[in-house]
Amino acid sequence: MTSKLALIVSVCVLASCTTTTTKKTEIKQAPVVGKTNGKKGKGMGGLAAKPPPATPTPITAIPVAPVSTDPLENLKNLVVMSVQAPTKQEQDVYRLRAIEDVENRLNEKQLEEVADNSDYGYLRGHAMSRLADKALEERDISKAKKYYAGVMDYLPESDLAARAKDIISQLDAAKNVQSKTIGVVLPLSGRNAPVGQRALRGLEMGLGLHVPGSGFKLAVMDSEGNPDSARRGVERLVKEDNVIAVVGSLLSKTAPAVAAKADELGVPSIALSQRSGLTEIGSTVFRNSLTSEMQVRQLVRTAMDDMGMKKFAVLYPNDQYGIEFTNIFWDEVLTRGGQITAIQTYSTKETDFRLVVQRLVGTYYGEGRQEEFNLRLKDLKHSDKKRSARKDNTENVLPPITDFDAIFIPDSAKAMGQIAAMLAFNDVRGVKLMGTNLWNTAGIAKRAGNFANNLMFVDSMAPTSQDQSRFLTEYKNLYGEAPSLIEIQAYDAGLILRQLVAAGADSREALTARLLGLKKFPGSLGTLTMSSEREIDRPVVSLTVEKGEIAPLRIHQ
């Protein structure tokens with residue numbers, strides 16, 4: 001499912017953890033006060049889909065043009081009034097109304113009639129602009145260029161004409177291809193520069209640039225972490241470097257811009273970002289990244305199919321990452337016949353998880369268990385056994401309700417450690433903690449504390465991979481350190497492009513077709529296969545902690 005960055009609060013805190021969830025309620029992010037939720041219209045090539053209309057001068061008592069049930073007849077009336085109205089002010093109003101009708105209210109057949117009929121005057125250029133955009137979306141380059149040329153003829157000196165000229169220039173440049181030149185758009189300056197540099201290393205090795213005689217060239221553009229810069233970078237890679245494909249971007253805010261621009265120009269691209277929905281942008285957009293869907297699928301399959309778990313709790317941060325993973329996890333559990341029996345969110349700024357955990361396990365809402373509370377409190381006061389100061393506190397009278405086999409925590413290792421400490425403090429025992437590849441980090445056992453032997457998480461890379469992968473060994477010898485998943489995925493992207501081009505995919509169309517048919521490709525950590533959604537299915541392994549070290553999860557029958 002795609003990521004949904006929501007703008008309306010819909011997270012409801014469960015009053016009791018004993019309620020079994022059999023139907024999913026869509027989880028969305030709480031709104032940020034002071035920000036708008038309006039969406040900008042979709043554009044092409046970094047330009048608006050249509051130029052901003054001129055702001056009309058306030059008017060009073062302007063005659064209304066004759067109204068007909070035929071939209072084209074109405075349009076003709078507006079054209080006549082835009083010429084014959086007695087004042088310039090009135091003429092401008094009718095002209096803007098006519099343009100608005102062409103841009104928003106006509107179907108394709110009506111647009112073609114306007115474009116072909118001289119009775120519509122200046123509106124012919126506006127109709128051609130819309131028809132050109134439609135043709136470009138349908139990959140009919142010849143038709144698109146014909147209509148864009150018409151825009152330049154009928155609306156010279158206009159913003160639409162300037163835009164049409166720019167697009168024609170891009171389409172002409174897109175014909176020229178250097179089959180062994182690969183473009184890449186990465187954040188190489190600013191706070192994300194270290195990540196971008198690591199990806200660049202991996203890509204260079206995938207293309208064989210670290211050894212003499214590879215024959216490939218890498219054209220590099222810095223996105224600066226900015227979508228507009230990323231979009232312009234793709235344009236330059238296509239126009240000036242004639243790249244056969246584009247790799248990038250890493251960042252969720254720039255990846256859609258790179259994918260959309262490359263797809264508009266008919267250039268296959270391989271994204272390295274986890275941003276959901278990227279491959280839905282266009283038919284030439286591919287992705288090589290360990291996505292949230294891949295991780296959750298492996299995590300839930302291992303928990304339910306291999307370990308026999310059925311019931312789960314979810315404790316997640318109220319941010320895009322936490323919400324996306326929680327929605328996918330919930331869907332996957334329900335699809336496999338499992339249950340979500342408790343769910344609780346928390347602020348990304350949370351540092352004291354005591355109340356968060358108490359809400360999750362049902363000890364915070366004492367009024368919901370009043371009778372049980374009174375009985376336990378009475379027994380506690382009449383008990384002759386010695387009690388700790390914490391046990392003597394009425395806040396801890398009620399035992400936690402743990403009607404679940406595991407708790408899914410889609411957050412960092414640091415947050416997991418803080419949560420684990422509060423779970424132990426609240427006497428939560430006998431449950432697994434499940435997480436994402438963010439937990440595959442040194443020191444995870446120490447952070448988990450009492451739950452160190454009850455962790456389950458996933459990643460593309462297990463500790464044993466270090467000895468089995470030639471790339472990992474070669475990278476370590478070259479740079480003196482082990483590669484992260486960022487370098488690994490970039491390396492695989494470069495290796496795929498290198499081998500497909502070397503095998504004869506010397507045009508963008510041919511390369512796109514070869515990428516679509518990619519199966520059992522030998523990547524750095526295992527075989528890679530392209531899915532029907534143009535996602536490269538990466539190897540995913542389930543991990544845990546044994547004797548204080550991260551190790552592959554072994555299923556005990």
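**Glu157**

I looked up Glu157 and found it in the loop between α5 and α6 (159-173); helices are DSSP runs of H or I of at least four residues and strands are E runs of at least two, numbered from the N terminus. I noted a positive phi of about 70° there, although Glu157 is not a glycine. Glu157 is exposed, at a relative accessible area of 82% (exposed is over 50%, buried under 20%, partly exposed in between, with a 1.4 Å probe and protein chains only).

The model is a predicted one, in which local features need pLDDT of at least 70 and side-chain atom pairs count only at pLDDT 80 or more, while totals for chains, interfaces and linings use all residues. Residues are numbered from 1 along each chain as its sequence is written, and side-chain values use heavy atoms, with hydrogens and water left out.

**Lys547**

I then turned to Lys547, which is not a glycine but has a positive phi of about 55°. Lys547 sits in the loop between β14 (541-546) and β15 (549-552). With a relative accessibility of 85%, Lys547 counts as exposed.

**Whole chain**

I recorded 19 helices and 15 strands for the protein chain. Of its 557 residues, 49% are buried. I also took the contacts (heavy atoms within 4.5 Å) between residues at least 6 apart in sequence: 66% of these join residues at least 24 apart.

**Ser249 and α9**

Which residue does a cis peptide bond join to Gly248? I found Ser249 on the other side of that bond, with omega about 5°. Ser249 belongs to the loop between β3 (243-247) and α9 (255-264). Its relative accessible area is 0%, so Ser249 is buried. I found a polar contact of 2.8 Å between the side chains of Ser249 and Thr254 (a pair of N or O atoms within 3.5 Å, where within protein one must be able to donate a hydrogen and the other to accept it, and residues adjacent in sequence count only if both atoms are side-chain atoms). Setting aside neighbours within four places in sequence, I listed the contacts of Ser249, which include Val185, Pro187, Ala271, Leu272 and Ser273. Ala255 and Val258 are also among the contacts of Ser249, and both are buried residues of α9.

I followed α9 further and found eight of its ten residues buried. Charged side chains are among them: Lys261, Asp263 and Glu264 are buried in α9. Just after α9, Gly266 takes a positive phi of about 75°.

**Ser214**

I looked up Ser214 in the loop between α7 and β2 (217-222). Ser214 counts as buried, at 17% relative accessibility. A polar atom of the Ser214 side chain lies 3.2 Å from the backbone nitrogen of Phe216. Leaving aside neighbours within four places in sequence, Ser214 is in contact with Leu207, Gly208 and Leu209.

**Nonpolar cores**

I took a nonpolar core as a set of buried Ala, Val, Leu, Ile, Met, Phe, Trp, Tyr and Cys residues joined through side-chain atoms within 4.5 Å. Which members of the largest core touch the most other members? Of its 39 residues, I got Ile182, Val247, Ile496, Leu511 and Leu515. Elements giving two or more residues to this core include β1 (178-186), α7 (193-206), β3 and α18 (485-502). α18 gives the most, nine residues. Not counting residues up to four places away in sequence, Ile496 touches Leu515, Leu518, Phe521, Leu528 and Ile536. Apart from this core lies another, of 35 residues, with Ile419, Leu433, Ile444 and Ala452 among them.

**Gly417**

I placed Gly417 in helix α14 (residues 413-425). Gly417 is buried, at 12% relative accessibility. The C-alpha atoms of Gly417 and Phe451 are 9.0 Å apart, and the two residues are 34 apart in sequence.

**Second largest cavity**

I counted two cavities of 30 Å³ or more (a cavity is a set of points on a 1 Å grid over the protein atoms alone where a 1.4 Å probe fits but cannot get out, and lining residues have an atom within 4 Å of a point). The second largest has a volume of about 40 Å³, the space filled by probe spheres set on points joined across faces, edges and corners. α3 (108-116), α4 (123-137) and α5 (141-154) each give two or more residues to its lining, and α4 has the largest share, three residues. I noted Glu108, Glu112, Lys134, Glu138 and Lys143 in the lining, along with Leu131, Ala135 and Tyr147. By class, this lining has five charged, three nonpolar and no polar residues (Asp, Glu, Lys and Arg count as charged, Ala, Val, Leu, Ile, Met, Phe, Trp, Tyr, Cys and Pro as nonpolar, and the others, Gly among them, as polar).

Terms used. 1 Å grid on protein atoms, 1.4 Å probe; cavity = no way out; pocket = protein on both sides within 12 Å on 5 of 7 lines; lining within 4 Å.
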